[in-house]
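Biologist: Could you take me through one part of this protein up close? I would like to follow a single residue and then the helix that comes after.

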Amino acid sequence: MTEFTGVKQPEFDTMAGKHTEAAGRLEELAAALHGELQSAGLDTAPAARLRQLAGRVTAQAADLRRRQQLVRELQRQKVTFGRSTPAGSFLEMPDALGAAQGLLDGTLAARAALKAADGDEAALPGLERYASRTGDAEFVKAFLGALGATGATRLPGSLADRVREAKVHDDPEGAARLSAEGAKVLRMLATALARGTDPKSPAYLGETFLTDLVKEGRADHRVGNAAYSGYQALALVWAAHDGRTPFSEEFMEVVGRDVIAYEYERRKDEWEVGQTLWGIQAPIIDLAAALGLGTALRPGPQVGAPGAGGRSSVVDDLFHAAKSSREASQVLLNHTPAGSKESALHYLLTTRWEASRYLGDYQPFNDMLVTATTGRDETSKKLAAQMTKILSDEVRGAFGKDDSGNLEIKDRDLFDRYAPLRRPLGLALAANVDELSRLLLNHATFGEVAAKDMSYALALATSDDDAFEALVRAQTEHMRAALGATLPPGTDIKQFLTDRTVEEARPFGHLVEIRRQVLIAQGLDDKKADEALKSMVGDAIGLLPVPGARRVGELATGAFGDLVSSGYDKLAGAAYDQLAEQVAQRMSEHGKGLDETYRTLEDNRSAVERLAEQMLATAMLNKNMIDDQGLTGRTFATGSPPAIKTFSEMTPQEYSDFLAWVRGKAGSSDLLNRFGTTFDSTKDVNSSLGLQIPTGGDK
């Protein structure tokens, strides 16, 4: 809490003036003393010390004059209040000069905001001038303290009404101007609210302000002829949030959870009737949507998907504000409301899902799901498992077996109902790709998810190109890590690699076969279904540990070693798919990929087998199964003594020569055959999905 000092006027003015006068006299005395000592041939050090003292007093005098000006301005603007004591009347003045300036600017900004809330358009430009001050804790406390929860709720309502009025009166230029100015003000308010409601921030206003926001959010308000709830107005603030100052866990726990509960309370009866009679489940839309403002008051394209028309719900705007923080997102999803038998995540994916579909804009919710489920923490893992189980149960009825034994989509409406969730589901599974291996190999569970549940979830997720690519990238890294593990002394390296190869082939085969099945079930051409992976494989060279200019035995320890050593250590805890994306981007900087034959592979299976061959060759090099003799004259070697080129530097022919050399040196063909045999098996998919996939040439 800021400390204050009491100052008396005019005594403070007198002190400032006397200090300035004293500084000048000390400087004159120092100059005179220096001249006298120098003329007498004496040491001038006393004059120098006096000049230093004069400098300090001069600086203090300047500080007092700045404070004097601030005191006068604070008093003129009636920002501070006098206090009477037995010693006289004092004016409260923050000890820190910056705090005093923040108090002044925050109060003036709040007054401008309140004028704008009262409909004074002329106050908007003045309010915008303070947008850069939201990083100052003292400013935020003064601004929100003077504005209050009531003002923070009224302001967006008034802005929306002014834009509506301009449109009603056929003033497109005025509407555009008000929209642009209002969007900046809303973004400023969003940042201030994020800071002022975060207990970890020095700008925190306390629990009372949060509970006041809930009270105002649930209250009915009116502007012009429009009646609205406070949450409909506050939603415009959340929609303007830029993510740079994330909302806190406490904000989402107190305000965010109440927003979701409020919508359910207000819509419960209507939804129950709508689901049985009309099939309509409309959410509570925000004030901009209620007034037909479209994309007005939106500060940028960060809210909503392209083509969504700018209409949004109160809850979706909340999701947008939550998505920039993993902790905030998880607070909304990882709890069970009092008196409810279902978790918040289950409610949003089932009971409320039709309301999410109403506006056709899934981006805010999906982005929040990705934020909440793709971390490496236990809560992310828990939520990912819950989402997998919920969606598996919901979508299972969409699938069956056709006459040939392949997968069939027997309920297309049900499949399409959950299709918008394919990408967040796929990314959550990619972040937990090791669970797929545990389910298939060890009959383990992932939360409440069993192998059958995982397979139905994958049938949904892998129908999306981005989700499938993320899963293959994740499994590629999983296999690389398994093959590259450090072995205890005396371990049979060949047997170790054989065991790991077979183990990693099963989840690879599971992913690719389910992808093939679900795309065929959708009526897509089998070969067309392979295009996404062919392109991915061409970029995936960077996922693998490569020799580079180092000699064999001194290779990089991991696929992401270069990223970490190059200042990308912030990615160390990221999900596999995020890392893979970064690596692929780095690799693309080198220009054309290594093996152009990757671009002409016939199917996903061949692509994955090429990845496996490269990883096996690299593992053998890393584990010294291949000595570095015989590199002289090899097309894939360079330098003296010769060292293996980086893969990105090899031509397709050089790379082919390298693989042939490894096969001859270490017998990698046997390992690759073991990989292919296991990879081609469809028994896991048959068992999980109840299929009878044709084998051989009919496959």
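Modeller: Happy to! Contact here means heavy atoms within 4.5 Å. By that rule, and leaving out residues up to four places away in sequence, Asp453 touches Lys389, Ser392, Asp393, Arg396 and Glu448. This is a predicted model, in which local features need pLDDT of at least 70 and side-chain atom pairs count only at pLDDT 80 or more, while totals for chains, interfaces and linings use all residues. Residues are numbered from 1 along each chain as its sequence is written, and side-chain values use heavy atoms, without hydrogens and water.

Asp453 sits in helix H20, residues 451-461; helices are DSSP runs of H or I with at least four residues, numbered from the N terminus. Asp453 counts as buried because its relative accessibility is 6%, and buried means under 20% relative accessible area (1.4 Å probe, protein chains only). With Lys389, Asp453 also shares a side-chain polar contact of 3.3 Å. A polar contact is a pair of N or O atoms within 3.5 Å; within protein, one must be able to donate a hydrogen and the other to accept it, and residues adjacent in sequence count only if both atoms are side-chain atoms.

Now for helix H21, residues 465-483. Asp464 caps the N-terminal end of H21, with a side-chain oxygen 3.1 Å from the backbone nitrogen of Asp466. H21 is mostly covered, with 15 of its 19 residues buried. Across the protein chain, 52% of the 699 residues count as buried.

Notes
Helix = DSSP H or I, 4+ residues; strand = E, 2+ residues; numbered from the N terminus. Expected span 1.5 Å × (residues − 1). Buried < 20%, exposed > 50% of the residue type's maximum accessible area, 1.4 Å probe, protein only.
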